[in-house]
Structures are given as C-alpha cells and as structure tokens.
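This briefing introduces one protein model to a reader who is new to structural description. Please keep the sequence and the structure in view while reading.

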Amino acid sequence: MPCKYRLLLKNAEQLVLVCRNEEQFLLQEGMQHLAVLEKASLVIGNDGFIKAVGPTETIQNQFSQAVFETIIDCTGKSVLPGFVDAHTHPVWAGDRVHEFAMKLAGATYMDIHQAGGGIHFTVNHTEAASEETLYCSFKQRLERMLRTGTTLVECKSGYGLQLESELKMLRVIERAYREMEIGISATYCGAHSVPKGKSAETAATEIIENHLPALKELAVNEEVHVDNIDVFCEKGVFDLQSTKRILQAGKAIGLNLNFHGDELNPMNSAELGAELGALAVSHLEEISDEGITAMAAAKCSAVLLPTTAYILRLKQPRARDMLNAGVIVSLGSDFNPNAYCFSMPMVMHLACVNLKMSLNEALAAATINAAYSLGKSHTHGSLEVGKQGDAVIINAPRWEHLIYQFGGHQELIKYVVIKGKIVYRNERVLGL
C-alpha cells in the first residue's frame, strides 16, 4: 500500500534551504553561501516534518508511488523557510498613536516614559482589559504576522508588572500556543519596567521571591509554559546588578536568558549576557567593542531590531561590526505599541538598507539565527530533512524579491505552511 504524506511542494524555481548540514546558526562566512536548490521539490510527512528535499526529478522518482494529501505546483515560484520573529511584545491594550506624534515632534523615548507614558501607559490599559479582550486582539496580531510569513514568534509578557497581570498575559499567550497554528516561544518579561513607588532593587526582589516561584509552579502543573526570561536592562529602569539577580534566578528554574540590553545607554549588557550564558541579547544600539567580542566568544545571539532604531530615530545597531567579529546576528520586529510593525520581510529590508546587511545575511538572521536565539534551531529556521515543515511560497522566481519588494509582501506571498498544513492562502495573488 503506498505511503501517505501531508504535502508535496513541486517544481519550485528556487527552494531556499538556508542550511544543508544541520547548522545551529550561521556566522558571516556561512551567510554568504546559503543553500539554494533550483528546480526543486519538498515533501512533508503526516507528522508535520520534512521527509525529503531535492531536485524535482529525484523527488518524483523517489515518491512516484506516494499519496499526498495536498500538492502545490510551485512552477515560477520560490519556497523559503517560515520566518522566525525573535522579539515581540504582542499582548497589550491601548494603542500609543499619540506618542508617535510626540516622537515626531522631538520627544525622546525616555521623555515620554518619565512623563508617565510609554510602558506605564500600556500597563494601565492592559491591567484594565479582560483576558478575553487581550486574547482577541493578540489573536488578530498573530494572524497578521502569519500572513507576512512568520511561522514562529517570540511573545513577551511585560505590560503587567504586577504578578496577577503578568500571569494574565502569560495565560493569553498559552491559549494562543494551544489553539493556533503559529509557533510561539513564550517569554516572561515582568522586569520590563520598575513599578511606580518601587526601586529596581525592591522590584527585582519581588520578581525573584514571588513571580518566579509562581511561574515554576504553573509550569510543573502544565498550566502555563514559559521558555525565556527577559529584563529591560537600562538606565532609569533595571540596573546591571538587578538585571543579573533576576536573570540568574530565572536560569535557576530552567528559563533561557534572552533580554533587552544596551539600547538607549551603554550598560555593559552584552558583557553580562555573555557572562551568564544568555541565548540572546536584544537591541544593542549602544554595545561596546568589548561586548561584541564577549558575545562572539559566548555564542550569544545579537537580536537586532531595525524597526526600533528607525521609529525611535536611534543610531543603528552595529551589525557589520558584529558580523565581522563572529557574532550570531538575528532579527526581530520588536512589534509593540511603541514600534508597530508585524512584517519580517520589512524588517529584513530595513536590515539591508539601514544596518548594511546583505540579502543573504538578512534572510539567515530571520530564519536559522532567529531560531537559534530561541533555542529552536534544531527544529526551525531551515528546510532540512527532519525539521518542522514550515514554509513560505512567494510568487516570484527568485527569493530575493521578498526583501526587494519593500512593503510588497501582501501581494507577493502566496502560501504560508506550518507543519505541512496550508495556514494561509492568498487569493489575491494570481496563479495557483
């Protein structure tokens, strides 16, 4: 009896594997030579994992007797791995469009923060919102991300600050993790800001003594799963010592360290991340030379967020210096009410233009390296046998069009596939 498979993608003009040798990440040299097959096909099994990739003729011969639940003819099209968004804040209530106007008029991020806006504005609205309200808006945001090709996204709490509000956000993230197709890496970010009336030291103690034990209990009872812990290490927020205390306590209960650092001021966050064995440090607009060297040696990924530097008019992260030094460079959208962008294709474009990354480097940073920053590069980030069958099919014969056509992803992306299932079919794109 012939074997049954979930999906066959056949006749792709280009099939972008990204990796072909099970690399956990790609450094600068490896990024220059992404694995790309011409006139190729891909098979995904009923378990959602990739069973074969190769030239179309080879796959046709190998699977001539196979039965496929779905077949997509990718003639004239390119197939890429699903994108991994390595840094987002997608659960919140109350937009901050008024603050965007203030920033355009010259107000800085910290001006707005110290005036009671920024994170605290969103905290107040999020605390007042019901769990159902938060879930409905969160679900819509995830669906929009998915339509731009994101198949795995890191999702932070952090607009609660108080334990019950933080747990409310994490329950919302957990519900989406269980109910939606898109992959989610959940991050506890209770140290996103210092609650009013507290010092960084007392807030850190509250997190260590109350929040983290509660998270551990919920994880043991399989009520909420959390993968990462994040702290906003910044002048006027959590200083280096408080950040270190929180991260060490999170690591002690099994969480990956993945935190904000060196964004607005040089804080030696990169050095701290390397010292503690962090998987990733995000932002890094103000990273030091020593921090770059330390992150490279520690294999700590730099999650760069070109949308944030663009929207806040910050200086650009030193992507070229990091790549030249051997740092694992990843990308994220930093989607949040302060930097409103869902689209990893647009993030990649900004990385190329403003961070001076190449097309190849940007794609690797938004796939295999972003997956590495979340501890997921063994299952995500490339189209290799044994990995999860997450793919994006674009209506162009060369994959570079995805980045080249700035803002064009709404017409360019034809299908998004997760675990071999078509989770988005764009009826506006001509062709199959």
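In this predicted model, six residues of helix α6, namely E131, E132, L134, Y135, F138 and L142, meet K168, R171, V172, I173, R175, A176 and E179 of helix α7. The residues of this contact comprise seven nonpolar, six charged and no polar ones. The points below describe the helix pair, an annotated span and one buried residue.

**The packing of α6 and α7**

- Two packed helices are described by the angle between their axes and by the distance between those axes.
- Helix α6 covers residues 131-147 and helix α7 covers residues 163-179; they pack at an angle of about 50°, and their axes are 10 Å apart.
- Because of this angle, α6 is oblique to α7.
- The crossing in which α6 passes α7 is right-handed.

**The annotated span**

- An unreviewed UniProt entry lists residues 79-423 as "domain: Amidohydrolase-related".
- Helix makes up 45% of residues 79-423 and strand 17%, while the C-alpha atoms at the two ends of the span lie 15 Å apart.

**The surroundings of L80**

- L80 is located in strand β5, which comprises residues 78-81.
- The relative accessible area of L80 is 0%, so this residue counts as buried.
- Leaving aside residues up to four places away in sequence, L80 touches V16, L363, L383, D390, A391, V392, I394, W399 and L402.
- One of these contacts, W399, is 319 residues from L80 in sequence, yet the C-alpha atoms of L80 and W399 are 7.3 Å apart in space.

Note on methods
Residues numbered from 1 in each chain as written. Predicted model: local features only at pLDDT ≥ 70, side-chain atom pairs only at ≥ 80, totals over all residues. Heavy atoms only, no water. Axes fitted to C-alpha atoms, helices over the stretch in contact; angles between N-to-C directions. Helix = DSSP H or I, 4+ residues; strand = E, 2+ residues; numbered from the N terminus. Parallel < 35°, antiparallel > 145°, perpendicular 65-115°, else oblique. Left-handed = near helix turned anticlockwise from the far one by under 90°. Contact = heavy atoms within 4.5 Å. Nonpolar A, V, L, I, M, F, W, Y, C, P; charged D, E, K, R; others polar. UniProt positions renumbered as here; feature names shortened; annotations may be inferred. Buried < 20%, exposed > 50% of the residue type's maximum accessible area, 1.4 Å probe, protein only.
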